[in-house]
Amino acid sequence: MPLEFLTLLKFGLLLLLYLFLASTVRAVVIDLYGPRRKQSPPTRPAVAPAAGATDSRRSRRAPKELVLHHPSGRPQVIALRGDGISFGRASHVDVTLDDVYVSDEHARLQLNGDGWVVRDLGSTNGTFLNGAKVAGPTPIAAGDQLRLGKTRVEVRR
């Protein structure tokens with residue numbers, strides 16, 4: 001075989017090796033950080049409803065109890081009483097959750113005026129209200145769904 005052909009074959013195989021390594025690194029990066037998303041253009045903020053409309057909706061649908069749906073086990077009903085309920089894995093919280101995706105002090109429900117709000121306590125995996133991550137004190141109403149780790153919490157009247 002001519003020497004030029006072997007040299008071309010050698011460089012071709014080297015190129016294939018580098019392409020394989022690049023695609024492997026790309027797959028690992030996407031697996032760790034997720035796919036790159038295009039930046040959407042900024043949208044105008046929605047006009048907030050009048051304060052009275054929100055307050056009347058919240059007061060009509062004020063929650064009275066929670067139903068905890070544990071990843072393994074039967075649902076548990078908890079009455080909303082007092083000024084707040086804390087959730088987590090630690091022994092000193094009000095509701096101890098046996099869920100490895102829940103932090104020691106994960107979230108807290110607090111009475112705020114005449115309604116309840118949920119607040120994430122700096123948990124590792126976050127607290128989600130109706131699929132959206134809770135960033136600050138967020139009002140809840142009957143019919144809402146909370147997710148703490150793999151535990152689902154149904155808010156009822």
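Where is Asp-99 found? Asp-99 sits in the loop between β4 (95-96) and β5 (107-112), and this tour comes back to that loop after a look at the whole chain.

This is a predicted model, in which local features need pLDDT of at least 70 and side-chain atom pairs count only at pLDDT 80 or more, while totals for chains, interfaces and linings use all residues. Residues are numbered from 1 along each chain as its sequence is written, and side-chain values use heavy atoms, with hydrogens and water left out.

**The whole chain**

Show the chain as a cartoon. The chain has 2 helices and 11 strands; helices (H or I, at least four residues) and strands (E, at least two) are DSSP runs, numbered from the N terminus. Their order from the N terminus is α-α-β-β-β-β-β-β-β-β-β-β-β. Of the 157 residues, 27% count as buried. Buried means under 20% relative accessible area, exposed over 50%, and partly exposed in between (1.4 Å probe, protein chains only).

**Helix α1**

Select residues 3-33, which form α1. This helix of 31 residues reaches 45 Å from its first C-alpha to its last, close to the 45 Å expected at 1.5 Å a residue; the expected span is 1.5 Å times one less than the number of residues. The number of buried residues among the 31 is 0, so α1 lies largely in the open. Next, select Gly-34, just after α1, where phi is positive at about 85 degrees.

**The nonpolar core**

Now select Leu-66, Phe-87 and Leu-109, the residues with the most contacts inside the largest nonpolar core, which has 20 residues. Such a core is a set of buried Ala, Val, Leu, Ile, Met, Phe, Trp, Tyr and Cys residues joined through side-chain atoms within 4.5 Å. The elements giving two or more residues to this core are β1 (65-69), β3 (84-88), β5, β6 (115-120), β10 (145-148) and β11 (151-156). Stay on Leu-109: the residues that it touches include Leu-66, Phe-87, Trp-116 and Leu-146. Contact here means heavy atoms within 4.5 Å.

**Salt bridges**

The structure holds 4 salt bridges, each a side-chain nitrogen of Lys or Arg within 4 Å of a carboxyl oxygen of Asp or Glu. Select Arg-156 and Glu-65, whose closest N and O atoms are 3.8 Å apart. Arg-156 lies in strand β11 and Glu-65 in strand β1, so this pair ties together parts that are 91 residues apart in sequence. Add Glu-154, which meets Arg-156 in a salt bridge at 3.3 Å, N to O. Glu-65, Glu-154 and Arg-156 are linked in a network of salt bridges.

Move to Arg-89 and Asp-104, which form a salt bridge at 3.8 Å, N to O. Arg-89 lies in the loop between β3 and β4 and Asp-104 in the loop between β4 and β5, so the pair ties together parts 15 residues apart in sequence.

**Back to Asp-99**

Asp-99 is buried yet has no salt bridge; the nearest side chain of opposite charge, Arg-89, is 6.8 Å away. For charge, Lys and Arg count as positive and Asp and Glu as negative; His and the chain ends are not counted. A polar atom of the Asp-99 side chain lies 3.0 Å from the backbone nitrogen of Tyr-101.

**Last stop: Ser-123**

Select Ser-123, in the loop between β6 and β7 (127-129). The side chain of Ser-123 makes a polar contact with the side chain of Asp-120 at 2.6 Å. A polar contact is a pair of N or O atoms within 3.5 Å; within protein, one must be able to donate a hydrogen and the other to accept it, and residues adjacent in sequence count only if both atoms are side-chain atoms. The Ser-123 side chain also reaches the backbone nitrogen of Gly-126 at 3.1 Å.

Note on methods. Lists of a residue's contacts leave out its neighbours within four places in sequence.
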